[in-house]
Amino acid sequence: MVVEDEPLLARLLGRILSGAGYTVTVAGTAVDALAAIRTVDPDLIILDLILPDGRGEDVLTEVMQFRPSSRVLVLSSMTQVATKVGVLNGGAVDFLAKPFANAELLARINTRIRTPPSSQASPAKVTRYLRSAGVSIDLQQRELVVDGLRVPLTQREFLLLVYLLERAPEPCTRAELLERVWGTKFATGTNVVDVCVRRLRWKLSNDKIETVRNVGYRITA
C-alpha cells in the first residue's frame with residue numbers, strides 16, 4: 001500500500017514496486033488510506049506524513065490501533081530527529097527520507113517484508129534524549145530538561161526547539177521554520193514563530209535562542 005498524495009511520486013512508486021513483483025494499491029488521502037488498509041490488509045504500508053486531509057502520524061496511530069502487526073515504512077521529506085523518533089515510537093518499522101534511491105527503497109521493503117512482525121526491532125531502542133548546545137530534550141515525553149527539572153513543551157514548541165538544535169549553529173529563517181515546523185510554505189504575515197520562540201526562551205530560562213537580524217533565529221552553543 002502506497003499512501004502518497006503527489007501523483008507523480010505515487011506513479012513512480014507504483015512502477016518501482018510493480019517492477020519488483022509487488023501488487024500495489026495507492027491512496028492519496030488519509031481517509032482513503034485507512035479505508036483501503038482495512039480492506040486490503042497490505043504486507044507493508046509506505047506512508048507519507050503530509051497528506052491533504054490530515055497527518056500521516058495520525059494515520060499511523062489509527063493503523064496501529066486496529067492492526068498492531070502492520071508494517072509501516074514512513075517515506076517523508078520531514079527528516080527532523082523528532083519526527084523520526086515519533087513515528088518509530090508510534091509503531092513504524094522504518095523511516096526513509098525523500099529524495100530516495102530506488103535500490104535502497106526496495107532493499108528496505110524486501111527486508112521488512114521478510115521479517116516477521118513479532119521480531120521487528122522495538123521502537124523503544126531509539127535514542128530517547130537529544131542533547132545539544134547545553135539543552136536536553138526527552139524525545140519520548142516531549143519535555144525539556146533544565147537543571148534536572150522537567151518542563152513540559154507543547155507539540156509546536158517541541159518541534160521548533162528540536163529543529164533549531166538540529167540546525168545549530170546555523171540560523172533558520174522564519175519562512176523555513178514555518179515550512180518545517182508548521183507545515184506551511186507561505187508566510188502570511190503571521191507572527192506564530194516569534195510567539196513560539198518567546199515561550200521557549202521563557203522555558204529555557206537563558207539566552208540559548210538568538211535573534212539573527214533580518215534572518216530569523218538560531219541556537220547558540
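**Close-up 1. The charged end of R38 and the ring of F66 in a predicted model.** The charged end of R38 lies over the ring of F66, at 3.9 Å from the ring centre; a charge sits over a ring if NZ of Lys or CZ of Arg is within 6 Å of the ring centre and within 35 degrees of the ring normal. Local features in this predicted model need pLDDT of at least 70 and side-chain atom pairs count only at pLDDT 80 or more, whereas totals for chains, interfaces and linings use all residues. Residues are numbered from 1 along each chain as its sequence is written, and side-chain values use heavy atoms, with hydrogens and water left out.

**Close-up 2. Cysteines C172 and C196.** The structure contains zero disulfides (pairs of cysteine sulfur atoms within 2.5 Å). C172 takes part in no disulfide, and its nearest cysteine sulfur, that of C196, is 13 Å away. C172 counts as buried (under 20% relative accessible area, 1.4 Å probe, protein chains only) because its relative accessibility is 0%. C196 likewise counts as buried, because its relative accessibility is 1%.

**Close-up 3. The second largest pocket.** A pocket is an open set of points on a 1 Å grid over the protein atoms alone, where a 1.4 Å probe fits, with protein on both sides within 12 Å along at least five of seven lines; lining residues have an atom within 4 Å of a point. The second largest pocket holds about 250 Å³ of space. Its lining comprises 15 residues, of which M1, Y22, T23, D43 and L44 are the closest to the pocket centre. Eleven lining residues are nonpolar, two polar and two charged.

Technical notes:
Buried means under 20% relative accessible area, exposed over 50%, partly exposed in between (1.4 Å probe, protein chains only). Grid points are joined across faces, edges and corners, and a volume is the space filled by probe spheres set on the points. Ala, Val, Leu, Ile, Met, Phe, Trp, Tyr, Cys and Pro count as nonpolar, Asp, Glu, Lys and Arg as charged, and the others, Gly among them, as polar.
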